[in-house]
Amino acid sequence: MADEVVLLDCYYSMFGMRARVALAEKGVEYEFREENLANKSQFLLEMNPIHKKIPVLIHNGKPICESLIIVEYIDEVWKDKSPLLPSDSYQRAQARFWADVIDKKVSVAGKGIWSTKGEDQETAKKEMIDALKLLEGELGDKRYFGGDDFGFVDVALIPFYCWFHVYETFGNFSIEENCPKLIKWAKKCMEKESVSKSLADPNKVYEFIVGMRKMYYGLE
Amino acid sequence: MAEVKVFGAWGSPFSKRVEMGLKLKGVEYEYIEEDLKNKSTLLLKYNPVHKKIPVLVHNGKPISESLVILEYIDEAWEGPNILPKDPYERAKARFWAKFIDEKCVPPMWKACWSIGEEREKAKEEASEALKFLENEINGQKFFGGDTIGLVDIAANFIGYWFPITEEIVGLELMTQDKYPNLSKWAYEYCNCSFVKENLPPNDKLVEIFKGIIQAQPASN
């Protein structure tokens with residue numbers, strides 16, 4: 001029986017991109033359904049009644065929510081190709097730990113940079129730089145966070161790359177200056193088709209955020 | 001020879017999660033109590049990112065974050081399953097464990113220790129979150145089905161710590177009327193012999209919480 005895979009998503013969402021990258025890595029065919037977050041579909045609300053958020057992966061009618069949980073699910077179901085989590089339990093624990101660090105530190109700081117001003121924005125900027133430096137330290141001299149192979153932590157972080165233009169512009173700083181190794185890593189990831197085809201265009205993300213700032217935060 | 005250490009704090013539900021996981025698998029370990037006001041050099045070395053307990057150290061290799069640790073324990077040792085085997089059920093278990101940590105515990109804890117409008121807001125948030133859990137347990141003995149699993153271990157705060165705290169601070173949030181399923185689950189959970197043996201003593205927790213109340217400003 002053919003698998004039916006649907007992804008409820010939003011073009012700009014770095015969380016949605018994680019799912020897209022994972023599905024592309026596994027060569028899974030799926031239907032991409034763009035949600036208008038200002039006017040969520042009834043279907044989305046049914047599939048994710050608790051958080052009412054994207055992404056939601058629907059596999060043969062069954063919904064899975066939360067981007068990192070979706071990526072692990074994809075890795076477990078389509079296990080014969082491009083493993084994303086390492087096979088060693090300790091390495092798996094480390095991968096889960098660092099993906100969680102990305103969620104707790106990068107995601108939060110990122111939003112702060114484009115949606116606040118003054119002291120709050122400065123704090124967010126500092127937190128972002130600290131978080132990226134921490135991750136750069138973890139990357140070390142490895143090609144990917146996963147070592148020689150693109151893996152779970154790479155999937156968790158790479159979508160933020162297309163948001164760097166937003167952070168740098170509104171935060172008025174250069175990520176490359178602060179974390180050159182991380183940018184080198186990101187460019188390496190972008191050479192992979194699964195990544196380059198899944199990430200949004202940074203200029204489009206920027207335009208989107210310009211609009212969001214005006215509409216929801218009263219910022220120019 | 002395997003060497004397993006747990007750096008924890010006796011009163012912490014997060015710390016107890018790890019011990020429960022190890023006991024479920026029948027793993028022997030050395031427990032090191034941390035003074036959270038004066039964290040040991042060893043703890044800071046093993047968890048430099050968050051500087052928190054619990055930390056599991058297995059053959060010298062540290063793992064942090066209680067839910068990450070529980071998944072590691074499940075993979076590293078034979079014995080009763082902490083997570084289900086089916087990928088979809090695993091995704092669901094991860095979802096609810098995350099939901100508990102992000103949406104239940106923070107407002108529940110805040111509702112206990114805040115006053116006035118802040119308390120009311122936290123109560124409302126916690127009530128909403130608990131409603132989802134109430135529907136999810138839906139008359140089952142445990143979240144894990146017939147046996148305790150990841151979500152039951154993650155919900156230890158809800159099953160044990162919260163009812164104790166709630167009573168001391170005079171907050172009527174998780175009542176049997178409003179949450180009959182959850183209340184029944186809490187009873188089953190706390191009275192299940194395996195859990196009972198591994199919870200911190202009620203009277204010691206009461207003493208700590210009463211101390212917190214006394215230390216609060218007079219306006220409370």
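Is A:Glu193 buried or exposed? In this predicted model, A:Glu193 counts as exposed, because its relative accessibility is 53% and the exposed class begins over 50%. The side chain of A:Glu193 meets that of A:Lys197 in a salt bridge, with an N to O distance of 3.2 Å. A:Lys197 is likewise exposed, at a relative accessible area of 65%.

Side chains of opposite charge can pair when their charged atoms come close. Over all chains, the structure holds 29 salt bridges. One of these pairs within chain A is formed by A:Asp103 and A:Arg18, whose side chains meet at 2.9 Å, N to O. A:Asp103 belongs to helix α4 of chain A and A:Arg18 to helix α1 (residues 14-26) of chain A, so this salt bridge ties together parts that are 85 residues apart in sequence. Both A:Asp103 and A:Arg18 are buried.

A further salt bridge of chain A links the side chains of A:Lys181 and A:Asp141, at 3.1 Å from N to O. A:Lys181 is found in helix α9 (residues 180-190) of chain A, whereas A:Asp141 is in the loop between α5 (118-139) and α6 (152-157) of chain A; the pair therefore ties together parts that are 40 residues apart in sequence. The relative accessible area of A:Lys181 is 40%, which makes this residue partly exposed. A:Asp141 counts as exposed, with a relative accessibility of 73%.

The next results concern the interface between the two chains. The size of an interface is often given as the accessible area lost when the parts come together. For chain A and chain B, the area buried between them is about 2,400 Å², and 67% of it is on carbon and sulfur atoms. Of the area that chain A buries against chain B, 27% is supplied by A:Ile50, A:Tyr90 and A:Phe97, more than by any other three residues. In terms of contacts, 26 residues of chain A are matched with 24 residues of chain B.

Eleven residue pairs are in polar contact between chain A and chain B, counting pairs with both residues at pLDDT 80 or more. Three elements of chain A, namely β4 (62-65), α3 (67-77) and α4 (89-115), each supply at least two residues of the side that touches chain B. The largest share of that side comes from α4(A), with twelve residues. By residue class, the side of chain A that touches chain B divides into 14 nonpolar, three polar and nine charged residues.

Charged pairs also span the interface, where the count between chain A and chain B is eight salt bridges. In one of them, B:Glu75 pairs with A:Arg92, and the closest N and O atoms are 2.9 Å apart.

On chain B, B:His50 is placed in the loop between α2 (41-46) and β3 (55-58). With a relative accessible area of 15%, B:His50 is buried, because the buried class covers values under 20%. Leaving aside residues up to four places away in sequence, B:His50 touches A:Phe97, A:Val101, A:Lys104 and A:Lys105 of chain A, together with B:Glu65 of chain B. One of these partners, A:Phe97, is also among the three residues named above for their share of the area that chain A buries against chain B.

Note on methods
Residues numbered from 1 in each chain as written. Chains lettered and ligands numbered in written order. Predicted model: local features only at pLDDT ≥ 70, side-chain atom pairs only at ≥ 80, totals over all residues. Heavy atoms only, no water. Contact = heavy atoms within 4.5 Å. Buried area = accessible area lost by both parts, 1.4 Å probe. Salt bridge = Lys/Arg side-chain N within 4 Å of Asp/Glu carboxyl O. Polar contact = N/O pair within 3.5 Å; in protein donor to acceptor, adjacent residues only side chain to side chain. Helix = DSSP H or I, 4+ residues; strand = E, 2+ residues; numbered from the N terminus. Nonpolar A, V, L, I, M, F, W, Y, C, P; charged D, E, K, R; others polar. Buried < 20%, exposed > 50% of the residue type's maximum accessible area, 1.4 Å probe, protein only.
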